[in-house]
Amino acid sequence: MTIAQSSIVNRQSKIKYYWSLTKPLQSGLLLATGLAGYMSARCPIFSIPTMIGLSISLFLAIAGSTILNMWWDRDIDAKMGRTQKRATSSGLVDENEVLRVGLLLTVIGVGWAVAMDSLYGLVVFAGWFFDVVVYSIWLKRRTCWSIVWGGISGAMPILAGRVLGLGAIDWIGVMLALGVLLWIPTHTLTFSMKFAKDYAAACVPTFPSTYGLEATRATIAISSVLAAIAMIIAGYGIGMEWGFLRLLGVLSGGLLMLAFAITFKPSERVNFGLFKYASVYMLVSMILLSI
Amino acid sequence: MKMSPLARILLLLTGILAAYQVSSGIDGFDTVPIIAYTIGFGVLLVAGILLIIWGFEVLDSPAVVIISTIIPLSLAAGLVWQNLASLRTSYLILTIGGFLAVTLTRVRPAPGKIPTIVLAIVHGIAGMTIFLLPIVFSIQGNAHPMFSLVGVGGALIGLGGLALSFLKAGKPILSKELILKILPVILFLMTLCFVVGFGYGA
């Protein structure tokens, strides 16, 4: 292999590593919530250039915060089986470079957002701040309640999208954000139950290790129910057609059924089912909000 | 048995069709049929998603018998409400009573063959209603000929239900592999028939 070829291969590997550090699926889902929030506003504006700007700025800000999270958590990620192969924890990428890339994406993403609309930029920045500073740096290693702040951060993209569409924060935007915030424990708590040993090895406090499995399952069930209620109220507030509200109601019914099952007949399979179903639920909810 | 990609695609299409029916296919109907069809197609939609997530193992759950009763019962109740005005109340009582009977005989152990007999009666009445009513109405000219597709869907749901019931009873009429192989096809064709049939009006 020539030096030029070797250089190309190295560059391709690096791009692959950095792409994986952005957690494309998770970032994609958060971006989808942002787009749904924007499209839920419908009036007074709806323009393709704005949507493209929203997509790029939000994705860069989310990717920047995700990379910075992984840079900060590289020591605990190395202790957990689930995360020890990440490029940051396995030393495949230079840690100083990761920090620079994370900061660069953040500056471009948040800066772009502020340039588009100052209030939108502020909400995007709030999401970044809650995720990187409050959740990762300050609370993650201290208290299991850190996930609330992680959840608030995850709820910011949908609020940001709606703010960009409306030019203001309204109760529907807050309700949409609440829906996402309450949906997030279904994911994070299921993970913390499934990988309890990993988190214990890394000394990261979690709900299961602090309050036990039963309380964690009850929290998942309650938050799923409240998430469904928040999404239906938001859908009604947006003026969603009755047919779509019916569909949202049906899907919420499925979520309630699984929440009921996880509380009274808990098992690994039900946990997994709720985890996956909740993802489908959120994706379909976002599509319904956008139509 | 591992689910094939084709089976997943068919279940996904079934879910999309059911979602369409819930969101758009029943607009303009009376309140009771809208509720009945929303429940029926809603259960079909959620069941399709859970089958994709969990695979065929979910069919081993005892709750499947109760949940799968909801689909024919609610569809039959909606059809009767729309087409047989004189039987509305009595059929609605029969629907609710039938569902409660199936649930009770499954949740609380009943002696002998009572649970099976109750299940057969409830499924039989609902299944025959879905199968015969649209076909008879189409033949009589009271409905568009395509409405008879709802009856075809009823026949398919009956076939699928029978095959599954025998399988769960330990006396499969076909091999388990074959039943699980054709189940997604039956579910998809059944839902397609319902959606097209209802599209031509009740």
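A residue is called buried here if 20 or more other C-beta atoms lie within 10 Å of its own, exposed if 12 or fewer, and partly exposed in between, with C-beta atoms placed from the backbone. By that yardstick, 47% of the 202 residues of chain B come out as buried. The model is a predicted one, so local features need a pLDDT of at least 70 and side-chain atom pairs count only at pLDDT 80 or more, while totals for chains, interfaces and linings use all residues. Residues are numbered from 1 along each chain as its sequence is written, and chains are lettered from A and ligands numbered from 1 in the order in which they are written.

Chain B is built from 7 helices and 0 strands, with helices (H or I, at least four residues) and strands (E, at least two) taken as DSSP runs numbered from the N terminus. Its C-alpha atoms fit a box of roughly 45 × 40 × 25 Å along the principal axes. The radius of gyration of chain B, 16 Å, agrees with the value near 17 Å for a compact globule of 202 residues; this radius is taken over C-alpha atoms, and the globule rule is 2.2 Å times the number of residues to the power 0.38.

As for chain A, pLDDT (the predictor's confidence in each residue, from 0 to 100) averages 91, and 97% of the residues score at least 70. Among the elements of chain A, helix α6 (residues 118-139) has the highest mean, 97, and α1(A) the lowest, 80. Ser6(A) sits in that helix α1, residues 3-21, and counts as exposed because it has 10 C-beta neighbours inside 10 Å.
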